[in-house]
Amino acid sequence: MRLPPDSLAFQMLGAAAAVRAVSEGTALPQAIEDAAAQLRLDRVRDAATRGALQDIAYRTMRQFGTARALVTKLVTRPPGAQVDSLLAVALALLLEQAPGQRQDKDSQDAAQGATQGTPGRAGYSTFTVVDQAVSAAASEPKTAHARGLVNAVLRRFLRERKALLAEVNRDEQARWNLPPWWLRMLREAYPEQWTDLAASVNVRPPMTLRVNTARVSVKQYQTDLANAGLAGTVVGPQAVRLVRAVPVTQLPGFAEGVVSVQDAGAQLAAPLLEVADGMRVLDACAAPGGKTGHLLELGDIDVTAVESDPQRATRINENLARLGKQARVVVGDASRPADWWDGQPFDRILADVPCSASGIVRRHPDIRWLRRETDIAKLVTEQRRIVSQLWPLLKPGGILVYVTCSIFPTEGEEQARWFGAQLADAIRLQAPGQLLPGTRTTTPPAGEQGEKDPGHASLPSDHDGFFYARFQKRA
Ligand SMILES: C[S@@+](CC[C@H](N)C(=O)[O-])C[C@H]1O[C@@H](n2cnc3c(N)ncnc32)[C@H](O)[C@@H]1O
């Protein structure tokens, strides 16, 4: 039986396929693409259905630890991967509902025609989720046999929610929706703050814009937003945080490159390089080009953008084309400059290295389920290799900015100390250091020469987690 694409049941099945793919190691954006292709969803015609499927899959990832623990608890015999993932999706949606919401939302849904998938922060009513999960199970040969089980499991959860949660939440992965090794690293690094940090991964991030202030002031852009019916707060020299996220097509001047979507913490990178017209700048791990574009907005500079992933590298040119900017895009390995460097030294180097991405989990909720503890040591080695190989490319007096979107000190302050000790003629300059996601920020470490940090005076509120260090090569 083919379900209507605008039904929640159809969208839950698509989300369940995506969630299953994440469990097998695929990143969520790719898993959603694959699920949409499998369901023959057209990018334009079925945009609403794709959006709903994506929204449900993202919601599920945020509750995946609890949802999986509940499936294990409530299903005695393994029901098969398809049923398992459908149950996880349905339970995740039910977990978002406060227990008391049931009656109100049910009558509201009934009035609206209960079965339509209507994604939104308020979520779906419990009645709709159960009803549509059962329809979803019934519609597929691989899951039809389990529709009674799906119904029974979800209804039992609703009846015994409090007791069941008390029981499964004894397991910390279920309680925090983070793997045990991740929680251990948080506890060790942030003994006072780890619970806040663990909770912050499921807080929805704001949509923040970077305004090209060479074209329009932030204040003026705020007015342009208001004229378009959108409210935003100025949170940095170029940053406006929207009160409500919207598709980029609704942003005034987006197509013309007046504005880009970029987290306020990420917007600190380009100014830290202190570029001036005529400089040669290397953006060493560049895709999709968010920081490349920002750098090019700050000066008339010559940028080489290196990226090892050929597919991702194509996005740099796409993004720069919208901004009306150009860079020399090179598909190559930043740790092997002999393959791509023309021998001319750089005035500035941005090393936005691959990392655990532990600072941006609120935007990419699948990361915590994809990463393995063993990845961290490999990333640390890779980060050291990249920066050590790039350092000789920097002119005397030049500046290298090291960035990660991680909150683990092994990828942050510990790396910065290692670079300070290992890189020849390196002076550590003032920089923001560790930014924790949300509104918290740690004190930046002092620069060796007490100089001013160009980013810190204007640290924005509510940003993702980043680590920033700067090094100058002795002239
Ligand atoms: C944190 S992301 C960069 C984000 C980008 N700077 C921006 O602001 O849009 C890191 C990028 O480095 C790329 N990468 C990983 N290892 C690399 C290497 N050895 N050389 C060059 N790029 C690499 C990844 O494919 C990824 O696109």
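**Close-up A. K473 lies over the face of W391 in this predicted model.** Start with the lysine: K473 sits 5.4 Å from the centre of the W391 ring.

**Close-up B. R187 takes up a place over the face of W194.** Here the charge belongs to an arginine, and R187 is found at 4.6 Å from the ring centre of W194.

**Close-up C. Helix α4, residues 64-74, is mostly covered.** Eight of the eleven residues in α4 are buried. They are F64, G65, T66, A67, A69, L70, V71 and L74. Look around the helix to find what covers these buried residues: the neighbours include α1 (8-23), α3 (47-62) and α5 (81-95), along with α8 (147-168), α9 (172-176) and α16 (367-370).

**Close-up D. F64 meets W369 in an aromatic pair.** The model has ten aromatic pairs by the ring-centre rule. In the one shown here, F64 and W369 are edge-to-face, with 5.9 Å from centre to centre and 75 degrees between the planes. Because F64 belongs to helix α4 and W369 to helix α16, this pair ties together parts that lie 305 residues apart in sequence. Both F64 and W369 are buried.

**Close-up E. W181 and W182 form a tilted aromatic pair.** Their ring centres are 5.5 Å apart, and the planes make an angle of 50 degrees. W181 has a relative accessibility of 10%, so W181 counts as buried. W182 is buried too, with a relative accessible area of 1%.

**Close-up F. Y402, W418, F419, F467 and F471 come together in one aromatic cluster.** To explore this view, begin at Y402 and look for the other members of the cluster, W418, F419, F467 and F471.

Technical notes. Residues numbered from 1 in each chain as written. Predicted model: local features only at pLDDT ≥ 70, side-chain atom pairs only at ≥ 80, totals over all residues. Heavy atoms only, no water. Buried < 20%, exposed > 50% of the residue type's maximum accessible area, 1.4 Å probe, protein only. Helix = DSSP H or I, 4+ residues; strand = E, 2+ residues; numbered from the N terminus. Contact = heavy atoms within 4.5 Å. Phe/Tyr/Trp six-rings, centres within 6.5 Å; stacked < 30°, edge-to-face > 60°. Lys NZ or Arg CZ within 6 Å of the ring centre and 35° of its normal.
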